[in-house]
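Student: Got a minute to walk through this one with me? I'd like to start with how the helices pack and then move on to the chains.

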2 protein chains.
Amino acid sequence: MANLDQDKWFTEISDRDGSAFSLRINKKLDEKQSPFQKVEMYDTTDFGNLMIIDGCTMVTTRENFFYHEMISHPALYSHPNPKNVVIIGGGDCGTLREVLKHPSVETAHQIDIDEVVTEMSLKYFPELCESNADPRAKVMFDDGIKYMAEAAPESIDVIIVDGTDPVGPGEGLFNHAFYTSCLKALRSGGILVQQSESPLMHMPLLIEMRQAMLDVGFVDLQTLPFPQPIYPSGLWSVTLARKDEKFASFREGDAQQAPFETEYYNAGIHHGALATPGFMKRAFNK
Amino acid sequence: MANLDQDKWFTEISDRDGSAFSLRINKKLDEKQSPFQKVEMYDTTDFGNLMIIDGCTMVTTRENFFYHEMISHPALYSHPNPKNVVIIGGGDCGTLREVLKHPSVETAHQIDIDEVVTEMSLKYFPELCESNADPRAKVMFDDGIKYMAEAAPESIDVIIVDGTDPVGPGEGLFNHAFYTSCLKALRSGGILVQQSESPLMHMPLLIEMRQAMLDVGFVDLQTLPFPQPIYPSGLWSVTLARKDEKFASFREGDAQQAPFETEYYNAGIHHGALATPGFMKRAFNK
């Protein structure tokens with residue numbers, strides 16, 4: 001059985017999944033304990049820089065595009081005219097960058113509780129932060145749950161919940177109270193989108209999240225799977241919830257004529273992600 | 001940094017990728033050294049049974065459906081009327097099972113060099129072998145390269161190369177001589193499909209494979225990505241090569257009305273897999 005030299009590898013054990021994933025490292029770059037969590041940075045041999053939060057792999061240079069594109073573009077192209085966008089979490093600023101690629105967006109407010117994540121990202125993932133100075137962007141460090149609870153009613157078109165797993169500071173982002181705040185803050189036609197874990201490994205959690213969204217009054221849901229190489233099972237998902245109407249087709253023409261390049265997302269990928277595989281469909285219908 | 005107790009985890013280190021993947025095991029079930037390779041079986045805590053060949057994770061109960069469906073159904077639904085199918089490799093018999101779900105198929109011949117793989121699969125993945133006794137099936141243990149070299153010209157509609165990585169016994173399945181044999185053995189309109197590694201991690205190999213297929217005379221190619229949780233990067237691919245004409249649309253109506261259930265594949269997933277992401281498109285066009 002292979003033995004991983006702990007000086008050369010970073011390993012994340014996922015106890016709930018019975019799996020572990022390791023990346024080979026050249027060296028540790030940084031470490032900072034914030035009031036909320038421990039943030040570590042490594043230089044890996046094959047994945048570029050790697051951000052670890054409380055022992056969990058979060059972001060690498062090489063493959064973060066899957067996640068950042070899929071948490072942004074499907075929701076924004078499903079809204080007819082997204083002007084005001086709020087990102088809860090998202091401290092690495094990669095989601096903010098994708099959102100600001102949409103010409104219809106007039107404001108994009110990012111509220112992450114932990115400034116240290118953004119400090120580290122500015123230093124080690126500067127490409128993800130390249131739109132932080134966009135005049136439409138506002139980068140805040142505050143409690144996203146409180147921010148949403150106090151948001152003006154019907155003031156937001158798209159809310160993106162780009163948080164960690166439902167443990168630690170991310171826990172309050174997966175419950176009825178938070179979803180109720182989001183529903184209230186969305187305009188008619190508005191969309192909430194949240195990272196929703198692995199459809200292969202975490203189906204009970206995903207079903208619970210979907211049920212909570214429906215419970216508070218969201219009218220329609222879409223769960224889109226996509227590749228996520230460094231997270232357990234390599235398959236992740238986002239769940240979109242629409243405030244007061246069923247999802248219509250997304251703006252396919254606009255997606256095909258996107259005024260920006262993507263690494264993963266395109267109109268066909270969007271269609272494919274909406275073609276829920278049998279194993280997910282049957283779990284949702286149980 | 002997390003430490004993996006070697007008695008409780010099976011770890012595969014992928015040196016070429018700078019990554020490693022581990023599954024937690026309850027116990028070792030079996031081990032057999034064949035003339036070609038070492039085959040091991042484990043009972044895992046969360047992925048069911050696990051087959052290891054020469055230290056590499058090959059198949060688990062929980063997620064093999066991604067691979068087996070994606071190496072079979074896209075190719076079979078891209079052929080107008082696949083009657084005679086040959087599988088090179090595929091000793092776990094999961095691909096054979098998927099192929100035989102297609103009512104048009106009259107013969108499905110599987111040629112794997114190593115009988116031990118099928119012995120192990122019969123014992124530990126009986127569900128994958130449930131169609132081995134189908135009168136249309138013929139399970140042979142022989143050299144697939146030799147088999148294809150000696151196959152009658154224009155006798156096969158779909159050739160599925162379900163082999164290991166291009167090292168060890170699988171090496172000869174990735175070269176001009178083998179592809180030339182396949183081209184000759186295919187009928188007009190015929191399709192060769194081969195597992196083609198990770199588009200995220202192994203693009204040079206994938207490009208080389210595609211070029212070799214074109215070099216020998218295949219007229220059109222399609223590379224379809226799909227999730228593959230236990231292989232490096234969690235994202236894998238199959239490449240389809242068409243003998244003497246461009247790929248037309250696949251038989252979408254038939255795929256929508258498939259007379260069998262699938263866990264992953266469906267017509268929408270097929271479309272999505274054909275919507276080549278930017279990072280792959282740009283690499284192919286270089």
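**Helix packing, domains and symmetry**

Tutor: Sure. In this predicted model, helix α5 (residues 176-185) of chain A packs on helix α6 (residues 203-216) of chain A at an angle of about 50 degrees, and their axes are 9 Å apart. That angle makes α5(A) oblique to α6(A).

Student: Which hand does the crossing of α5(A) and α6(A) have, left or right?

Tutor: Right-handed, for α5(A) and α6(A).

Student: OK, and which residues meet there, between α5(A) and α6(A)?

Tutor: From α5(A) you have His176(A), Tyr179(A), Thr180(A) and Leu183(A), and they meet Met209(A), Ala212(A), Met213(A), Asp215(A) and Val216(A) of α6(A). By class, the residues of this contact of α5(A) with α6(A) are 6 nonpolar, 2 polar and 1 charged.

Student: Let's hop to chain B. How do α6(B) and α9(B) pack?

Tutor: Helix α6 (residues 203-216) of chain B and helix α9 (residues 278-285) of chain B have axes 10 Å apart, at an angle of about 55 degrees. So α6(B) and α9(B) are oblique to each other, and their crossing is right-handed.

Student: Who's touching whom between α6(B) and α9(B)?

Tutor: On the α6(B) side it's Met203(B), Leu206(B), Ile207(B) and Arg210(B); on the α9(B) side, Met280(B), Ala283(B) and Phe284(B). The contact of α6(B) with α9(B) counts 6 nonpolar residues, no polar ones and 1 charged.

Student: Zooming out, what does the domain assignment give for chain A?

Tutor: Domain 1 (2-60) and domain 2 (64-284). The C-alpha centres of these two domains of chain A lie 24 Å apart.

Student: How many residues does the contact take from each domain of chain A?

Tutor: The contact takes 23 residues from domain 1 of chain A and 25 residues from domain 2 of chain A.

Student: Now the pair. What turn and shift lay chain B on chain A?

Tutor: A turn of 180 degrees with a shift of 0.0 Å along the axis, and the RMSD is 0.0 Å. That's the relation of a two-fold axis.

Student: Which residue of chain B comes closest to the rotation axis?

Tutor: Gly272(B), whose C-alpha is at 1.8 Å from the axis.

Student: Last one: why say the copies meet through the same surface?

Tutor: Because 100% of the interface residues of chain B are also interface residues in chain A.

Notes. Residues are numbered from 1 along each chain as its sequence is written. Chains are lettered from A and ligands numbered from 1 in the order in which they are written. This is a predicted model: local features need pLDDT of at least 70, side-chain atom pairs count only at pLDDT 80 or more; totals for chains, interfaces and linings use all residues. Side-chain values use heavy atoms; hydrogens and water are left out. Axes are lines fitted to C-alpha atoms, for helices over the stretch in contact, and angles run from 0 to 180 degrees between N-to-C directions. Helices (H or I, at least four residues) and strands (E, at least two) are DSSP runs, numbered from the N terminus. Angles under 35 degrees count as roughly parallel, over 145 as roughly antiparallel, 65 to 115 as roughly perpendicular and the rest as oblique. A crossing is left-handed if the near helix is turned anticlockwise from the far one by less than a right angle, and right-handed if clockwise. Contact means heavy atoms within 4.5 Å. Ala, Val, Leu, Ile, Met, Phe, Trp, Tyr, Cys and Pro count as nonpolar, Asp, Glu, Lys and Arg as charged, and the others, Gly among them, as polar. Copies are superposed by least squares on the C-alpha atoms of residues with pLDDT of at least 70 in both. Domain bounds come from an automatic or database domain assignment.
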